[in-house]
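Me: Please take a close look at one part of this structure, the backbone spots with unusual phi values. Start with enough of the overall fold to place them.

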2 protein chains.
Amino acid sequence: MSYQILTPQTLPEYLLSIPAIRDFFGDDAIEAEEIGDGNLNYVFVVRSAEHPQKSLIVKQAVPYLRCAGEGYALSRERMTFEIRALQGYTCHAPKVYHADEAMSLVAMEHLKDHAILRKGLMEGVRYPLFADQIGDFLAETLFKTSSLYLPSDEKRRLIDRFNANTELCRLTEDFVFTFPYMENETNQIEPQCRAEAEALFKDVEFKRKILGLKYLFMNRTDALLHGDLHTGSIMVNEHETFVIDPEFAFVGPFGFDIGALFANLGSAYISHFYRSGDEAYRAWLLETIRQVWERFEAKFLELWRQTPSSALLTPGYLDAEALEPFRRDFMVEILRQSAGFAGCKMARRVFGIAGVEEIRGLEDPAERKEAMMRALATGRALVMAHDSIDSIDRIVEIVEKA
Amino acid sequence: MSYQILTPQTLPEYLLSIPAIRDFFGDDAIEAEEIGDGNLNYVFVVRSAEHPQKSLIVKQAVPYLRCAGEGYALSRERMTFEIRALQGYTCHAPKVYHADEAMSLVAMEHLKDHAILRKGLMEGVRYPLFADQIGDFLAETLFKTSSLYLPSDEKRRLIDRFNANTELCRLTEDFVFTFPYMENETNQIEPQCRAEAEALFKDVEFKRKILGLKYLFMNRTDALLHGDLHTGSIMVNEHETFVIDPEFAFVGPFGFDIGALFANLGSAYISHFYRSGDEAYRAWLLETIRQVWERFEAKFLELWRQTPSSALLTPGYLDAEALEPFRRDFMVEILRQSAGFAGCKMARRVFGIAGVEEIRGLEDPAERKEAMMRALATGRALVMAHDSIDSIDRIVEIVEKA
């Protein structure tokens with residue numbers, strides 16, 4: 001079917017032409033309801049008329065930014081990359097029932113009993129399995145799309161499938177690595193923070209380090225990244241963790257997704273000083289940073305040790321024991337990247353276009369400013385120190401000190 | 001025209017159907033002669049019957065290794081990447097008159113008065129302009145295909161045009177970074193070197209460093225590389241330098257081509273201890289290594305300073321003065337990569353499948369063995385030291401000490 005924008009009226013007929021969807025709903029009539037929670041895309045819940053608990057989610061991209069209207073063009077090909085990433089995930093992602101790149105549309109599992117992680121963290125909810133589950137997701141996804149696992153030709157094919165996600169990579173290059181550190185019309189600087197913003201814009205040592213991280217972002221093809229793994233791209237409950245919205249997916253540096261997660265947990269940590277004053281919860285947030293890394297590292301190494309042959313490794317080249325020091329250094333390099341990208345991701349939220357709600361939403365202006373300055377100081381410290389960091393303890397210590 | 005293998009008999013008719021070729025030869029009749037100097041491809045000289053000095057070279061790839069016969073399959077798509085690289089070169093490469101990806105064929109300038117650099121160096125010839133000209137070629141090619149020059153979307157399109165050169169990248173992964181350092185049937189180990197080879201195969205510290213360089217080779221997209229820039233891929237005379245045969249072209253780490261060149265100049269340096277004993281010539285070879293780097297670095301920085309906007313740099317982000325320390329560190333990083341890859345390229349020639357003639361061709365077995373061990377020691381020293389090298393002097397010193 002050639003591309004057309006679907007509506008709650010036209011969606012059911014389209015869906016019932018798909019065998020996998022008919023299998024899902026059996027002979028039930030279905031109804032579609034648009035739900036307004038997509039900034040970029042149209043999102044629908046599709047339900048059986050007879051058994052409304054039988055439902056799935058349909059997302060369709062339009063050739064503009066949904067929340068800004070048709071005047072703000074953004075190529076709908078972003079859905080192509082979201083589809084390809086979702087189809088590649090082997091755990092902790094919604095099941096895909098149907099995907100149609102030509103229609104920029106995907107039908108997937110409806111996560112009815114899950115909250116957006118950012119909102120849960122703002123409310124002070126603990127998710128006991130989250131750190132381990134997201135650690136597993138990161139290890140599975142990053143390891144199995146790297147040259148440590150794939151053969152050389154498959155790695156090149158993977159790059160081929162994501163290389164054209166130019167527009168969304170460009171958004172990251174601009175809005176994570178550039179504009180938030182210079183005068184730019186897209187920034188959102190409160191008058192009370194003007195002097196601090198100007199000081200940041202003159203901080204050439206920091207900006208040189210950011211430039212190095214931006215270069216890495218553009219010139220490393222370690223693994224398939226989610227590309228925007230903040231706490232708004234994760235749905236959780238007590239038992240389960242799901243990663244959603246990978247439209248920024250591309251093949252980039254190992255540490256970028258891990259860093260995004262550290263940054264958002266760090267923002268939550270800072271905000272709760274003001275939001276709840278709950279020191280036990282803040283300690284849980286710090287512990288979560290540590291545990292995400294430890295689980296990721298353990299799982300990544302476990303997968304690596306189980307992989308005798310890959311683009312990188314030819315059987316017989318080095319034995320298991322001789323490989324261990326290489327693996328150790330490799331994990332430190334991923335940790336350093338993660339620290340650096342975490343720093344960018346925290347710092348860019350302070351004056352850049354997209355702030356995080358847990359900090360920008362603080363109502364008291366003095367508290368809000370203080371929280372922003374703490375986030376900036378933490379981000380800066382991570383960026384400046386990242387290439388000499390050698391343990392997760394050091395990262396936790398930097399976040400804690402803020 | 002769909003693919004077919006051309007012969008001296010069928011080539012003229014094909015060529016005269018191409019307007020650019022008819023323009024080149026005017027109304028002259030033309031004759032094609034196969035010349036045997038391609039290992040991989042068929043190479044023809046095509047001449048005007050009336051004015052035989054009016055000539056060009058035609059190269060056609062066949063779906064196997066020409067020198068090994070039809071039994072040794074090698075996809076003819078390698079010519080696609082050679083064509084694309086040649087068309088992208090802006091200096092020090094033969095002029096392309098016609099290229100046909102479907103026919104895996106290219107017609108280009110006939111370099112009649114030039115020698116293969118490797119042969120000239122073996123004979124002790126000095127090329128006074130070579131270092132500067134190849135330095136310019138490297139700077140132009142590497143800078144202008146990097147994120148320091150191209151906008152983000154053009155860089156991704158460049159990656160797209162070369163990403164599928166899987167087969168030849170795989171050859172490098174195997175024959176430069178893997179097989180020469182382990183037991184493998186493709187190695188060529190003289191009985192008199194058996195003990196030394198076995199010692200190398202057990203040298204786990206060295207092999208871990210090689211593994212790190214192999215990882216870099218596979219996971220960096222700095223710039224478009226020639227991919228096989230040894231002294232057999234360069235044609236020279238007193239006045240001119242031409243880079244040929246870029247069938248290994250792909251987007252990879254900055255230092256790979258520079259390293260290949262250092263390695264081959266290093267091999268020539270070692271071989272002349274035995275070949276000519278000419279210390280003044282050996283000093284010229286060392287000086288050439290230094291001058292290639294110095295010219296490359298100066299030219300690369302000059303181009304960079306002239307480029308206000310690129311994927312990496314948004315105007316207004318950092319001023320010229322604040323960028324200089326970043327540029328300095330960046331050049332050191334390229335130098336380190338170059339030293340590491342130079343080391344691999346020297347070491348792999350010792351026991352691996354493709355030795356260099358200047359060393360393997362030494363007739364006296366004791367001298368040959370000594371030269372091989374010196375090449376190995378130099379390669380190993382470069383690999384082990386590469387990530388702390390901070391000047392070209394240090395590289396020259398390592399080569400000199402061998």
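Reply: The overall fold comes first, then the two loop residues.

This is a predicted model. Chain A holds 15 helices and twelve strands. Its 402 residues would give a radius of gyration near 21 Å as a compact globule, and the chain has 22 Å, so the two agree. Along the principal axes, the C-alpha atoms fill a box of roughly 60 × 60 × 40 Å. Buried residues account for 46% of chain A.

The domain assignment splits chain A into domain 1 (11-109) and domain 2 (115-401). Their centres lie 28 Å apart, taken over C-alpha atoms. Domain 1 brings 17 residues to the contact, and domain 2 brings 20. On the domain 1 side, ten of these are nonpolar, four polar and three charged.

Now the backbone. Most residues other than glycine have a negative phi. A:His92 has a positive value, near 55°. A:His92 sits in the loop between helix H3 (78-88) and strand E6 (96-100). Is that residue buried or exposed? The cut-off for buried is 20 or more other C-beta atoms within 10 Å. A:His92 has 20, so it counts as buried.

A:Asp245 also has a positive phi, near 60°. Its loop runs between strand E11 (241-243) and strand E12 (250-252). A:Asp245 has 23 other C-beta atoms within 10 Å, so this residue is buried.

Notes: Residues are numbered from 1 along each chain as its sequence is written. Chains are lettered from A and ligands numbered from 1 in the order in which they are written. This is a predicted model: local features need pLDDT of at least 70, side-chain atom pairs count only at pLDDT 80 or more; totals for chains, interfaces and linings use all residues. Helices (H or I, at least four residues) and strands (E, at least two) are DSSP runs, numbered from the N terminus. The radius of gyration is taken over C-alpha atoms; the globule rule is 2.2 Å times the number of residues to the power 0.38. A residue is buried if 20 or more other C-beta atoms lie within 10 Å of its own, exposed if 12 or fewer, and partly exposed in between; C-beta atoms are placed from the backbone. Domain bounds come from an automatic or database domain assignment. Two residues are in contact if their C-beta atoms, placed from the backbone, lie within 7 Å. Ala, Val, Leu, Ile, Met, Phe, Trp, Tyr, Cys and Pro count as nonpolar, Asp, Glu, Lys and Arg as charged, and the others, Gly among them, as polar.
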